[in-house]
Amino acid sequence: MDDRAPTLTEIIHDRSFRALLRLSQREAMTWDTFLAHPLPPDMSPLAVWDMLGSIGQCIGVHLFDDEDGNLLWYRRTHELSDLVDAIERLSAKESSFCEVLLDHADRSFTLGLRLAEYVAALRLSRHSVDCDHLEMHVRLGTLPDHPAERAVANAVLVDQDLPLFVREPFSRSLLGSFYERLTEGLAPDDIESLSIASAGAIDEQTWNIVQHQLDAIMEYANASGDDEDLLVMQGNLVADAIRYHEPFGFASSLVASLASRLFFLKHDLPVLALVPVSHAKLRWLDRKLGDRTLCSPAEYESTLRRTCCDLTVHHTLSAQCMKVALDEAEARITGVADKDSAAKSMLSSDARFNHRQRSILARALRTPLAEFHIRYHQEKHRISYATARRDLVELSEAGYLRAEQRGKAFVFIADEGVEELSRNL
């Protein structure tokens, strides 16, 4: 019996190894899919897997060192490149999806996207919130008393200000300022208990490692990096690395989402800075995405245990979750746009209303919880305050809107007449 180990030349020329090598360049390969293919003789599966990994690292995209000094990298497979191309087409400023989103997405729609993102982000750090209770507070502009809900409400407010930071480089101080705003209104005891529930207490040595990794992540976020590095995946990794190391305690996942969304704003991918990617990732963890992703969480963990620093599977799963989030948001906004068009067509025959009033009714039809303010209506249409007030008051007198007092001001919301219009659509 020949106990001689095969030489590198023999392995490279083995038909089954070449087939595996070609497959690894086409698509992400989990441990389970790897085992389903023929393997070279006289080698253990793990030895073949490690050799594929060594070759992949040599020709792959290099990122930064992990906490143990190992280089993180990934294969830029055909599958991943195609996914990212599709994501960029949907997310870019000049995309038709972005145009529809900007034209038809009112505050209620975009607020729903923001809430979905930050509620999911908090759940990824093992905290839950009462979504209905939280949404009520956010939509009314009030802050909830529950600490976790308060943090999500704060995150929505920070998110709205992200365009202000587009020209500011990533740094510890920038993310620290996000953390300060996220924890505004929370008592120190609440912050401590939430952080312990998320990650537990850490010692000084571990904390120093976390801070060192945060510096590496910030450097990676600011640098152009490897020319082959995919921009979409760079922004995603910034979030996932912050979420993994938890430098901001319980708020780390919220900070991670904000950092990622700011990254995408910096790189002219505004749609990706709005859709709830964390919500899609959470549903993948809950096994609710079915066959829309590469593998289950269990198969991913099995692969991760046998792979040192290869992020190909991780990046592919992340890209698939991004695509799910984009596709679902596009379907929702397209439905809104179609309903908006139908509503305007129906209302155009009603001579009682001018084009501005028809626009208000169309929005009320597609977003029943929408609120209308005289000042906003005035600025949007560049009309006098008296004309703006008359537009809304006339709709109120016709039974389509009703006025409610909020502090010293009045807001107008949909009334029974809108429900009647909706039934006729």
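**Entry 1: Ala362**

I started with Ala362, which sits in helix H18, residues 355-366. The model is a predicted one. Is Ala362 buried or exposed? I found a relative accessible area of 1%. Buried means under 20%, so Ala362 counts as buried. I then looked up how far Ala362 is from Ala86. The two are 276 residues apart along the chain. Their C-alpha atoms are separated by 31 Å.

**Entry 2: nonpolar cores**

Next I turned to the largest nonpolar core. It has 93 residues. Which of them touch the most other members? I noted Leu63, Leu175, Phe178 and Leu272. Helix H17 gives the most to this core, with 10 residues. Apart from this core I found another, of 18 residues. Among its members are Ala370, Tyr400, Leu401 and Phe412.

I went back to Leu63 and listed its contacts, leaving out residues up to four places away in sequence. Leu63 touches Leu71, Leu72, Trp73 and Tyr74. Further along the chain, Leu63 also touches Tyr220, Asp229, Leu237, Leu311 and His315.

**Entry 3: the cavity**

I looked for enclosed space. How many cavities of 30 Å³ or more are there? The count is one. The volume of the largest cavity is about 120 Å³. Its lining is made of 14 residues. Nearest its centre lie Glu117, Ala239, Ser260, Val277 and Ser278.

I then sorted the lining of this cavity by type. Six residues are nonpolar, four are polar and four are charged. Three helices each supply at least two lining residues: H13 (231-245), H14 (252-266) and H15 (277-285). H14 gives the most, with four residues.

**Entry 4: the second largest pocket**

Last, I checked the second largest pocket. It holds about 1100 Å³ of space. I counted 31 lining residues. Which lie nearest the centre of this pocket? They are Asp240, Tyr244, Tyr300, Leu304 and His314.

Two or more lining residues come from each of H13, H15, helix H16 (297-305) and helix H17 (312-347). The largest share is from H13, with six residues. By type, the pocket lining divides into 15 nonpolar, six polar and 10 charged residues.

I made a closing note on the helices. H13 supplies residues to the cavity lining and also to the lining of the second largest pocket. H15 is listed for the cavity and for the pocket. H17 gives residues to the pocket lining and to the largest nonpolar core.

Conventions. Residues are numbered from 1 along each chain as its sequence is written. This is a predicted model: local features need pLDDT of at least 70, side-chain atom pairs count only at pLDDT 80 or more; totals for chains, interfaces and linings use all residues. Side-chain values use heavy atoms; hydrogens and water are left out. On a 1 Å grid over the protein atoms alone, a cavity is a set of points where a 1.4 Å probe fits but cannot get out, and a pocket is an open set with protein on both sides within 12 Å along at least five of seven lines; lining residues have an atom within 4 Å of a point. Grid points are joined across faces, edges and corners, and a volume is the space filled by probe spheres set on the points. Ala, Val, Leu, Ile, Met, Phe, Trp, Tyr, Cys and Pro count as nonpolar, Asp, Glu, Lys and Arg as charged, and the others, Gly among them, as polar. Buried means under 20% relative accessible area, exposed over 50%, partly exposed in between (1.4 Å probe, protein chains only). A nonpolar core is a set of buried Ala, Val, Leu, Ile, Met, Phe, Trp, Tyr and Cys residues joined through side-chain atoms within 4.5 Å. Contact means heavy atoms within 4.5 Å.
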